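Got your viewer open? Let's walk through this one stop by stop, picking a selection each time and looking at what turns up.

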Amino acid sequence: LEYVQRPAGTRLQEIAVRRQLKAPLYAYGCKPFAAHPELRDDFRLPEWAQDDWCRHLAWRGRVYPHGQPWLLFSGAGARSRLHRDQGATMAWFAQLHGQKDFILHSPEDRPYLSDGQVDPRQPDGFPLYAKSHPVKLTLGPGELLFLPPDWYHDVVTQSPSITLTGNLVNHLNFGDYLKFAYGDGLDEVLAALPFPAPPAQRSGLGGGVP
């Protein structure tokens, strides 16, 4: 927090200088709710964000994401480069403090983003980007942004910032999430699931029962 507010003289600033980083460090791995689930009582998510299947996804330890939601801390100038969240998950960002500038791209723009390598703020050298349709917005305190699956986003912090964020898996993107989590092993996983037997088999009535 000291680094986010006043980086000069902090240990993290020394690390950034030593590594010759072009942008300030971005703290995106803070997951206090994993260790202290009682903190969830301090806020209430909108109804559409409560239908979250992540808490049920524990097959082979592949819970994604673990202990969500989490907190993002960033100082002015920190940046999260253009990317889309893994697993076709949906995402939400609740801005608690400070401001962030977002550039968003729908999945339809994917052919023009050079596999996410383009810099939407300086797209020189990527002529196809001119065909895309970026959505630009600034997220301020008290505002919430929702991203559907596979939306690309590039984020620059304008002032010392704290963001509450999380990802969603539900009936809309569950199939795509499973493909991401298990890849070629998905058929094996599905075959091993203990699906209940059809009513006819359970009751001993034999076949012929719809």
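In what order do the five strands of the open sheet line up? Show the cartoon and read across: E1-E2-E9-E4-E7, with antiparallel pairing. Keep in mind that you're looking at a predicted model.

**Stop 1: the edges of the five-stranded sheet**

Select 26–30 and 144–147. Those are strand E1 and strand E7, the edge strands, each pairing on one side only. Now tilt the view along the sheet: neighbouring strands are turned by 20° against each other on average, ignoring direction.

Next, add residues 70–74, which make up strand E2. E1 and E2 run antiparallel and are joined by three bridges. For a spot to zoom in on, pick Cys-30, which has Leu-71 of E2 standing opposite.

**Stop 2: the four-stranded sheet**

There's another open sheet to find, built from four strands in the order E3-E8-E5-E6, and its pairing is antiparallel too. Here the edges are E3 and strand E6, so labelled for pairing on one side only; select 135–139 to light up E6. From one strand to the next, the twist averages 20°.

Stay in the middle of this sheet for a moment. How many bridges join E5 to E8? Six, and the two strands run antiparallel. Click His-105 and look across to E8, where Tyr-152 stands opposite.

**Stop 3: the largest pocket**

Switch on a surface. The largest pocket holds about 720 Å³ of space. To get to the middle of it, select Tyr-28, Arg-79, Ser-80, Arg-81 and His-83, which lie nearest the centre among the 27 lining residues.

Several strands give two or more residues to this lining: E1, E2, E3 (79–83), E4 (90–97), E5 (100–105), E8 (152–157) and E9 (161–168). Which of them gives the most? That's E3, with four residues. Colour the lining by residue type and you'll get 13 nonpolar, eight polar and six charged.

**Stop 4: the cavity**

Now for an enclosed space. The structure holds one cavity of 30 Å³ or more, and the space in the largest cavity comes to about 40 Å³. Select Arg-84, Asp-85, Thr-89, Met-90, Ala-91, Leu-147, Pro-148, Asp-150, Trp-151 and His-153 to see its lining. By type, these divide into five nonpolar, two polar and three charged.

**Last stop: confidence**

Finally, colour by pLDDT. The protein's mean is 86, and 86% of its residues reach 70 or more. Where does pLDDT stay under 50? Select 201–210 to see that stretch, for which the model has five contacts beyond four places in sequence.

Note on methods: Residues numbered from 1 in each chain as written. Predicted model: local features only at pLDDT ≥ 70, side-chain atom pairs only at ≥ 80, totals over all residues. Heavy atoms only, no water. Pairing = 2+ DSSP bridges. Axes fitted to C-alpha atoms, helices over the stretch in contact; angles between N-to-C directions. pLDDT = per-residue confidence, 0-100. Contact = heavy atoms within 4.5 Å. 1 Å grid on protein atoms, 1.4 Å probe; cavity = no way out; pocket = protein on both sides within 12 Å on 5 of 7 lines; lining within 4 Å. Points joined across faces, edges and corners; volume = space filled by probe spheres on them. Nonpolar A, V, L, I, M, F, W, Y, C, P; charged D, E, K, R; others polar.
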